[in-house]
Amino acid sequence: MDAVERLRKTCLALPEVTERLSHGEPTWFVRNRVFVMLADHHHDDRLAFWCAALAEERDALVAAEPERFFRPPYVGHRGWLGVYLDVEVDGDRVTELVQAAFRLVAPKRLAARLDAPPADG
């Protein structure tokens, strides 16, 4: 599975997430609020995604691993994080970043569902 399909699967596994095109790119929404967007055309032929993040966490990741992370244009000033997908990608780390973005954007009760124990069944 390629990086975009893994990203799509990770996003769509979260509660009430939908996908639609925004600015010509696949974008994932939770209750009509963007939390992750593919960014294939914004930075010199680099494949990446942008996700909601806390500015302090974004800055720490960019400083520690600039080959993997960047401050994206347009939304970087609001704390968003850019994640390159055209380098070796750690799937678990991408999942953590996507889930963190979801928690920042989703209503609190919906985000809390990520912490709920699995239903018996």
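Visitor: Why is Arg113 called partly exposed?

Guide: This is a predicted model, and in it Arg113 has a relative accessible area of 47%. Buried would need under 20% and exposed over 50%, so Arg113 lands in between and counts as partly exposed.

Visitor: What makes Glu16 and Arg113 a salt bridge?

Guide: Their side chains meet at 3.7 Å, N to O. The cut-off is within 4 Å, so the pair qualifies.

Visitor: Why is that pair said to tie together parts of the chain?

Guide: Look at where the two sit: Glu16 is in the loop between α1 and β1 (17-22), while Arg113 is in the segment after α4. Those parts are 97 residues apart in sequence, so the pair ties them together. Glu16 is partly exposed too, at 41%.

Visitor: How do you know that Arg58 is buried?

Guide: Its relative accessible area is 3%, and buried means under 20%, so Arg58 is buried. Its salt-bridge partner is Asp59, which counts as partly exposed at 40% relative accessibility.

Visitor: What makes Asp59 and Arg58 count as a salt bridge?

Guide: The closest N and O atoms are 2.7 Å apart. That is within 4 Å, so the rule is met.

Visitor: And what makes Glu65 and Arg93 a salt bridge?

Guide: Here the closest N and O atoms are 2.6 Å apart, which is within the 4 Å limit, so this pair passes as well. Glu65 is in the loop between α2 (55-64) and β5, and Arg93 is in helix α3, so the link joins parts 28 residues apart.

Visitor: Is Glu65 called buried or exposed, and why?

Guide: Buried: its relative accessible area is 17%, and the limit is under 20%, so Glu65 makes the cut. Arg93, at 27%, counts as partly exposed.

Visitor: How many salt bridges are there by this rule?

Guide: Nine. Glu5, Arg8 and Glu19 are linked in a network of them.

Visitor: What makes Asp90 part of a patch of negative charge?

Guide: Asp90 gathers on the surface with Glu88, Asp92 and Glu96. A patch residue needs over 30% relative accessible area; Asp90 has 44%, so that condition is met. Asp90 sits in the loop between β6 (81-84) and α3 (91-105).

Visitor: Which residues have the most contacts inside the largest nonpolar core?

Guide: Leu7, Phe35, Val36, Phe49, Val98 and Phe102, in a core of 37 residues. Helix α3 gives the most to this core, with six residues.

Definitions and conventions
Residues are numbered from 1 along each chain as its sequence is written. This is a predicted model: local features need pLDDT of at least 70, side-chain atom pairs count only at pLDDT 80 or more; totals for chains, interfaces and linings use all residues. Side-chain values use heavy atoms; hydrogens and water are left out. Patches are made of residues with over 30% relative accessible area and no salt bridge: like charges are joined within 9 Å, nonpolar side chains (Val, Leu, Ile, Met, Phe, Trp, Tyr) within 5 Å. Accessible areas come from the Shrake-Rupley method with a 1.4 Å probe; for residues, only the protein chains shown count as cover. Lys and Arg count as positive and Asp and Glu as negative; His and the chain ends are not counted. The place of a charge is taken as NZ of Lys, CZ of Arg, CG of Asp or CD of Glu. Helices (H or I, at least four residues) and strands (E, at least two) are DSSP runs, numbered from the N terminus. Buried means under 20% relative accessible area, exposed over 50%, partly exposed in between (1.4 Å probe, protein chains only). A nonpolar core is a set of buried Ala, Val, Leu, Ile, Met, Phe, Trp, Tyr and Cys residues joined through side-chain atoms within 4.5 Å.
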